[in-house]
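Here's a walk through this fold, one sheet at a time. Keep the viewer open and follow along.

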Amino acid sequence: MLKVDILFSSSSGNCTLVRTEKTQILIDCGRSARAVCTALREAGSDVGAVSAIFITHEHADHVAALGVLCRKKPIPVHMTEKSAAAMPEKCRPDSLVVHPREYSETVGDIEVSSFPLPHDSADHVGYVVTDSCGDSFGIATDMGHVTESAIENLSRCRRVMIEANHDEEMLAEGRYPPFLKRRILSPRGHLSNSDCAELACLLAERGCEAIALAHLSPENNLPSLAYSDVRCALDSAGYRGCELTVADREFAVRLPDGKTNCEVISYAEN
Ligand SMILES: [Zn+2]
Ligand SMILES: [Zn+2]
């Protein structure tokens, strides 16, 4: 079974560790090399154990640690050609592997495939990760709206990490300038808690067992609000069995194991 640790996630930095007994990969590499190395150690891993990094898109909260981290160890970094071309020079690793928007790659005993997502970056993809037993995990954050392709790809996954970026009221009443509010709300911006709740119900209906809410805005959302909005929607639609957790912007959060879980892990509602 895939073990998934969301090392940190918010609009200020994102990094997720996905591993089997044999293989470890990172998806996104934001904040700083120091933050990534510390979080990896806290999750019982090490940068030396990471075989590949997959980058969803070139925004700083997803690539800021890449340049320094890959000078320490030249880990292959997979991203789309357009995102690679638009990435800030100081983040650019020498070990870049560019790929089309829809792509599959095998790393050790893990298969990673990408699918396009709508966002205001040069390019943007989500990833589906599958192990040799067929266990699957999907990641899709930074999406302005939910597309058929996102639903189709995430529906293949037993567990997912999806975006609950903002509470619409908090964003409307908050201190962001109007142009930024418009950007966040646009079809190439970010998903609100209520958009996320709708997507969560759709995925639960198609068999998703565990959901992590990620990429929360520190300014326009609260973990408790995101959790309760999505939990209420799942419960009232009859999906009480679908596990839910909220990624933290500072600390690693383990994605619940879903129905195959044999040990009980408790999660703070944070
Ligand atoms: Zn982002
Ligand atoms: Zn972004």
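## Starting at a sheet edge

Let's begin with strand β5 (residues 77-80), which runs parallel to β6 and is joined to it by four bridges. If you want a spot to zoom in on, Val77 sits opposite Leu96 of β6. Bear in mind throughout that this is a predicted model.

That pair belongs to an open sheet of seven strands, ordered β6-β5-β4-β3-β2-β1-β14, with mixed pairing. At its edges are β6 (96-99) and β14 (253-254), each of which pairs on one side only. Helix α1 (residues 33-42) packs on this sheet, where it touches β1 (3-10) and β2 (13-19). The direction of α1 makes about 145° with that of β1.

## The chain as a whole

Stepping back, the protein chain has nine helices and 14 strands. Its C-alpha trace spans about 50 × 45 × 35 Å along the principal axes. How does the radius of gyration fit a compact globule? For 270 residues, such a globule would come out near 18 Å, and the protein chain has 17 Å, so the two agree.

Burial fits into the picture here too: 50% of the 270 residues count as buried. Among contacts with a separation of 6 or more, 66% are between residues 24 or more positions apart.

## The other sheet

There's another open sheet of seven strands, this one in the order β7-β8-β9-β10-β11-β12-β13, again with mixed pairing. Its edges are β7 (104-107) and β13 (243-246); each has a single partner strand, so one side of each is left without a neighbour in the sheet. From one strand to the next, the twist averages 20°.

Both senses of pairing turn up in this sheet. Strands β8 (residues 110-116) and β9 (residues 125-131) are antiparallel, paired over seven bridges, and Glu111 stands opposite Thr130 in β9. Two helices pack on the sheet as well. Helix α8 touches β11 and β12, its direction making about 165° with that of β11. Helix α9 touches β12 and β13, and its direction makes about 165° with that of β13.

## Strand β12, covered over

Now for β12. Is this strand mostly covered or exposed? It's mostly covered, with five of its five residues buried. Ala210, Ala212 and Ala214 point one way, Ile211 and Leu213 point the other, and all of them are buried. That's the usual pattern: in a regular strand, side chains alternate between the two faces of the sheet.

β12 has parallel partners in both β11 and β13: five bridges join it to β11, and four join it to β13. On the β11 side, Glu163 has Ala214 as its bridge partner. On the β13 side, Leu213 stands opposite Val246. To get from β12 to β13 the chain crosses through α9, and this β-α-β crossover is right-handed.

## A closer look at α8

Helix α8 (residues 193-205) has 13 residues, and at 1.5 Å a residue they should span 18 Å. Its end C-alpha atoms are 18 Å apart, so the helix agrees with that expectation.

Which residues of α8 are buried? They are Asn193, Asp195, Cys196, Ala197, Leu199, Ala200, Leu203 and Ala204. These buried residues pack against α5 (148-154), β11 (159-163), β12 (210-214) and α9 (223-236). After the helix comes Gly207, which has a positive phi, near 105°.

## Arg158, a buried arginine

One loop residue is worth a stop. Arg158 is found in the loop between α5 and β11. Is Arg158 buried or exposed? It has 20 other C-beta atoms within 10 Å, so it counts as buried.

What is Arg158 in contact with, leaving aside its neighbours within four places in sequence? The list is Asp135, Ser136, Cys208, Glu209 and Gly258. Also have a look at Lys259: it lies 101 residues from Arg158 along the chain, yet their C-alpha atoms are separated by 9.4 Å.

How values were computed: Residues are numbered from 1 along each chain as its sequence is written. Chains are lettered from A and ligands numbered from 1 in the order in which they are written. This is a predicted model: local features need pLDDT of at least 70, side-chain atom pairs count only at pLDDT 80 or more; totals for chains, interfaces and linings use all residues. The expected span of a helix is 1.5 Å times one less than its number of residues. A residue is buried if 20 or more other C-beta atoms lie within 10 Å of its own, exposed if 12 or fewer, and partly exposed in between; C-beta atoms are placed from the backbone. Two residues are in contact if their C-beta atoms, placed from the backbone, lie within 7 Å. The radius of gyration is taken over C-alpha atoms; the globule rule is 2.2 Å times the number of residues to the power 0.38. Two strands pair if DSSP finds at least two bridges between them. Axes are lines fitted to C-alpha atoms, for helices over the stretch in contact, and angles run from 0 to 180 degrees between N-to-C directions. A crossover is right-handed if, with the strands pointing away from the viewer, the path from the first strand over the helix to the second runs clockwise.
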